[in-house]
Amino acid sequence: MSATADHAEERTNPAARLGFQPGQVVQEIGYDDDVDQELREAIEGVIEGDLMDEDYDDVADAVVLWFRDDDGDLTDALVDATTYIEEGGAILLLTPKTGRDGYVEPSDISEAATTAGLTAAKSVSVGKDWSGSRLATPKAAKAKR
């Protein structure tokens, strides 16, 4: 049963689909009242710990960045987020879906990621109101271990 259950979880749990692993340190940036609490809980369940807040001052394995159109400059936010992650780490950029307040155009995400030196590895629907883009540093993309 466990092998089947593990595969089923990967298909149904967005945190598992996004590649989070037990024991990872994940920093969360951009938390507000509108975030997807189920996704947050799913990530904490997979990593077997709490998400670190914006005040966390050590290096993380990954960053979850909630970003809305009126949050400022996306490129700056992505560059700042890269300073918090280990080499080989990833940024999960979460933006509101089409038609939701704070929606960010895919072309804006692509341009900001490229300017910040990141590569989009995967895009996925992560909830009814949020879309996710998994972004990696070029070193991370080359250093797949």
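Start by selecting D129: at 28% relative accessibility it counts as partly exposed (buried is under 20% relative accessible area, exposed over 50%, partly exposed in between, with a 1.4 Å probe and protein chains only). Before you click on, know that this is a predicted model, where local features need pLDDT of at least 70, side-chain atom pairs count only at pLDDT 80 or more, and totals for chains, interfaces and linings use all residues. Residues are numbered from 1 along each chain as its sequence is written, and side-chain values use heavy atoms, with hydrogens and water left out.

**Stop 1: D129 and its partner**

Now add R100, which is partly exposed with a relative accessible area of 35%. The side chains of D129 and R100 meet in a salt bridge, 2.7 Å from N to O (that is, a side-chain nitrogen of Lys or Arg within 4 Å of a carboxyl oxygen of Asp or Glu). This pair links distant parts of the chain, 29 residues apart: D129 sits in the loop between strand 4 (119–125) and strand 5 (130–136), and R100 in the loop between strand 3 (85–96) and helix 5 (106–115). Helices (H or I, at least four residues) and strands (E, at least two) are DSSP runs, numbered from the N terminus.

**Stop 2: more salt bridges**

How many salt bridges does a search of the whole structure find? There are 5. Pick E28 and R40 for another one, with the closest N and O atoms 2.7 Å apart. E28 lies in strand 1 (residues 26–29) and R40 in helix 3 (residues 37–47), so the pair ties together parts that are 12 residues apart in sequence. E28 is buried at 5%, and R40 is buried at 14%.

Next, select D34 and R68, whose closest N and O atoms are 2.8 Å apart in a salt bridge. Here D34 is in the loop between strand 1 and helix 3, while R68 is in the loop between strand 2 (60–66) and helix 4 (74–82), 34 residues apart. Buried or partly exposed: which is D34? D34 is partly exposed, at 37% relative accessible area, whereas R68 counts as buried at 8%.

**Stop 3: two tryptophans**

Show W66 and W130. They form an edge-to-face aromatic pair, 4.8 Å centre to centre with 80° between the planes (rings of Phe, Tyr and Trp, using the six-membered ring of Trp, pair if their centres lie within 6.5 Å; planes under 30 degrees apart count as stacked, over 60 as edge-to-face and the rest as tilted). W66 lies in strand 2 and W130 in strand 5, so the pair ties together parts that are 64 residues apart in sequence. W66 is buried, and so is W130.

**Stop 4: strand 1**

Colour strand 1. V26 and E28 on one side, and Q27 and I29 on the other, are all buried, so both faces are covered. Strand 1 runs parallel to strand 2, and 4 bridges join them (strands pair if DSSP finds at least two bridges between them). Look for V26, which stands opposite A62 in strand 2.

**Stop 5: helix 3**

Which residues of helix 3 are buried? They are L39, R40, A42, I43, V46 and I47. These cover an arc of only 160° around the axis, which puts them on the same side of helix 3 (the arc is that of the directions from the helix axis to the C-beta atoms). Turn to the other side, and E38, E41 and G45 are exposed. Finish just after helix 3 with E48, which takes a positive phi of about 60°.
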